[in-house]
Amino acid sequence: MDLASDLGKALLGSASDAIVATDRDGLVTFWNPGAERVFGFAAREAVGQSLDLIIPQNLRARHWAGFRQVMQTGESRYGHGDLLAVPALTKDGRRISVEFTIVILRSAQGDVAGTVAVMRDVTKRFEEVRDLKRRLADVTRPSGGC
């Protein structure tokens with residue numbers, strides 16, 4: 001029994017967090033059951049497709065500028081445990097909020113080969129925090145009285 005191999009299979013096959021790998025061009029090369037659950041696309045629908053599949057139209061230019069920068073430099077500020085929270089799209093067109101971190105994939109020669117992102121749907125928490133902030137603003141707003 002190879003513990004590292006078994007551990008890797010268990011993590012990658014998990015349905016809790018979405019794990020999505022891409023090549024240097026941003027084409028999906030791996031899509032785990034968690035990604036199927038979060039985004040609604042089966043692996044056979046996502047693998048080989050552009051990440052545009054889950055990126056809202058209005059954020060694509062910014063995403064691809066950052067992605068190209070990471071592919072050129074091999075560095076990402078979100079690869080060291082820092083989380084990025086962004087909107088994403090599901091198969092049925094709903095916008096959700098996801099938090100993620102990425103790992104840079106490298107070839108045997110050390111060249112940047114792509115990325116792996118581990119994502120979690122935080123839509124419910126995002127909406128709860130937004131609602132609490134709105135209610136707090138209503139309570140602390142000065143009244144218009146004398």
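**Exercise 1.** Is Thr101 buried, partly exposed or exposed?

*Solution.* Start with the scale: buried means under 20% relative accessible area, exposed means over 50%, and partly exposed lies in between (1.4 Å probe, protein chains only). Thr101 has a relative accessible area of 21%, so Thr101 is partly exposed. Next, place the residue. Thr101 sits in strand β4. Strands here are DSSP runs of E with at least two residues, helices are runs of H or I with at least four, and both are numbered from the N terminus. Last, look across: the C-alpha atoms of Thr101 and Ala85 are 9.2 Å apart, with their positions 16 residues apart in sequence.

**Before going on.** The model is predicted; local features need pLDDT of at least 70, side-chain atom pairs count only at pLDDT 80 or more, and totals for chains, interfaces and linings use all residues. Residues are numbered from 1 along each chain as its sequence is written, and side-chain values use heavy atoms, with hydrogens and water left out.

**Exercise 2.** Find the order of the strands in the open sheet.

*Solution.* Two strands pair if DSSP finds at least two bridges between them.

- Step 1. Take β1 (residues 18-23) and β5 (residues 112-121): six bridges join them in the antiparallel sense. Val20 has Ala117 of β5 as its bridge partner. Ala18 stands opposite Met119 in β5.
- Step 2. Take β4 (residues 95-106): nine antiparallel bridges link β4 to β5. Here Ile104 faces Thr115 of β5. The hairpin of β4 and β5 has five residues between the strands, and Gly110 there takes a positive phi near 95 degrees.
- Step 3. Write the order: β2-β1-β5-β4-β3, five strands with antiparallel pairing. β2 and β3 (84-89) are the edges, each with a single partner strand, so one side of each lacks a neighbour in the sheet.
- Step 4. Add the twist: neighbouring strands are turned by 35 degrees against each other on average, direction ignored. Axes are lines fitted to C-alpha atoms, for helices over the stretch in contact, and angles run from 0 to 180 degrees between N-to-C directions.
- Step 5. Add the helix. α4 (residues 60-73) packs on the sheet and touches β1, β3, β4 and β5. Its direction makes about 135 degrees with that of β5. Contact means heavy atoms within 4.5 Å.

**Exercise 3.** Classify the aromatic pairs of Trp31 with Phe39 and with Phe41.

*Solution.* Rings of Phe, Tyr and Trp (its six-membered ring) pair if their centres lie within 6.5 Å; planes under 30 degrees apart are stacked, over 60 edge-to-face, and the rest tilted.

- Step 1. The structure holds three aromatic pairs. In Trp31 and Phe39, the centres are 5.6 Å apart and the planes at 45 degrees, so this pair is tilted.
- Step 2. Trp31 and Phe41 are 6.4 Å centre to centre, with 80 degrees between the planes: edge-to-face. Trp31 lies in β2 (residues 28-31) and Phe41 in the loop between α2 (33-39) and α3 (43-46), so the pair ties together parts 10 residues apart in sequence.
- Step 3. Check burial: Trp31 is buried at 5%, and Phe41 is buried at 10%.

**Exercise 4.** Which residues touch the most other members of the largest nonpolar core?

*Solution.* Such a core is a set of buried Ala, Val, Leu, Ile, Met, Phe, Trp, Tyr and Cys residues joined through side-chain atoms within 4.5 Å. This one has 26 residues, and Val20, Trp31, Phe39, Leu51, Ile54 and Met119 touch the most other members. β4 gives the most to this core, with five residues.
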